[in-house]
Amino acid sequence: MTGSATLRAETPEDHSAIHGLLVAAFDRCGEAELVEALRKEGDLVFGGVAAVNGVIVGHAALSRMNAPFPALGLGPVAVAAAYRGKGIANALLRWSLARAQDDQWRAIFVLGDGAFYGRFGFRPELAAGFDTPYAGPHFMALALNGALPAKEGPVDYAPAFERL
């Protein structure tokens, strides 16, 4: 299925479609409003999209985190219901992680399902030493471009997350 999906960075022309995708995927407006706030406040570093026949069917947001080194927070991630289970999220996340590595970020943090995100190399033990309100087994980190430059210190998502 992913052979027919185009993976790329979002553009301003995609914002309305991304909003609709996020509302449908989460069955509420919170995540769509979060992404809009991240854009408005300058904290969305990039959003990756998956498009099929020009229609946005997947989105992954990567935003600036407050951390002791250059780090991104992954999320929200969404795929349209009709395209789930077809490799779209896998391809979109691999594309997004490669872009973050190419852009010289040192880590990505995510709060989510360990079975899913573990497939991409996210590990709760890498995040365990950091002081964050999200600490716990679902808070994970992925080191990029070498080992993490620090194993402890304060980390937090962009301020917009506090309003979700």
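A charge is taken to sit over a ring when NZ of Lys or CZ of Arg is within 6 Å of the ring centre and within 35 degrees of the ring normal. In this predicted model, Lys86 meets that description, since it lies over the face of Tyr83 at 5.7 Å from the ring centre. Arg99 is placed in the same manner over the face of Phe46, at 4.2 Å from the ring centre, and Phe46 offers a way into the rest of the fold.

Phe46 belongs to strand S2, which is part of an open sheet of six strands arranged in the order S1-S2-S3-S4-S5-S7, with mixed pairing. The edges of this sheet are formed by strand S1 (5-9) and strand S7 (139-143), each of which pairs on one side only. From one strand to its neighbour the sheet turns by 25° on average, when direction is ignored. Within it, strand S2 (residues 44-52) runs antiparallel to strand S3 (residues 55-64), the two being joined over eight bridges, and Gly48 is found opposite Ala60 in S3. Helix H2 (residues 30-40) packs on the sheet, where it touches S2, S3 and strand S4 (71-79), and its direction makes about 55° with that of S3.

Is Ser63, a residue of strand S3, buried or exposed? Ser63 counts as buried because its relative accessibility is 0%, and the cut-off for that class is under 20%. Leaving aside residues up to four places away in sequence, Ser63 touches Leu38, Asp43, Leu44, Val45, Ala71, Leu72, Gly73 and Phe161.

Helix H3 (residues 88-102) lies across S1, S2, S3, S4, strand S5 (107-111) and S7, and runs at about 145° to S2. Its length can be checked by a short piece of reasoning: at 1.5 Å a residue, the 15 residues of H3 should span 21 Å, because the expected span is 1.5 Å times one less than the number of residues. The end C-alpha atoms are indeed 21 Å apart, which agrees with that expectation. Several residues of H3 are buried, namely Ile88, Ala89, Ala91, Leu92, Leu93, Ser96, Leu97 and Ala100, and just after the helix Gln104 takes a positive phi of about 70°.

The aromatic residues add another layer to this picture, for a search of the whole structure finds ten aromatic pairs. One of them brings together Phe46 and Trp95 in an edge-to-face arrangement, at 6.2 Å centre to centre and with 85° between the planes. This pair links distant parts of the chain, as Phe46 is in strand S2 and Trp95 in helix H3, 49 residues apart. Phe46 is buried, because its relative accessible area is 4%, whereas Trp95, with a relative accessible area of 24%, is partly exposed. Tyr117 and Phe122 form a further edge-to-face pair, with 5.9 Å centre to centre and 85° between the planes, and both Tyr117 and Phe122 are buried. Elsewhere, Phe69, Phe109, Phe130, Tyr134, Phe139, Tyr157 and Phe161 form one aromatic cluster; Phe161 is also among the residues that Ser63 touches.

Finally, the loop between S4 and H3 contains Ala80. The C-alpha atoms of Ala80 and Leu21 are separated by 6.3 Å, although these residues are 59 residues apart along the chain. Not counting residues up to four places away in sequence, Ala80 touches Leu21 and Val57.

Terms used
Residues are numbered from 1 along each chain as its sequence is written. This is a predicted model: local features need pLDDT of at least 70, side-chain atom pairs count only at pLDDT 80 or more; totals for chains, interfaces and linings use all residues. Side-chain values use heavy atoms; hydrogens and water are left out. Two strands pair if DSSP finds at least two bridges between them. Helices (H or I, at least four residues) and strands (E, at least two) are DSSP runs, numbered from the N terminus. Axes are lines fitted to C-alpha atoms, for helices over the stretch in contact, and angles run from 0 to 180 degrees between N-to-C directions. Contact means heavy atoms within 4.5 Å. Buried means under 20% relative accessible area, exposed over 50%, partly exposed in between (1.4 Å probe, protein chains only). Rings of Phe, Tyr and Trp (its six-membered ring) pair if their centres lie within 6.5 Å; planes under 30 degrees apart count as stacked, over 60 as edge-to-face and the rest as tilted.
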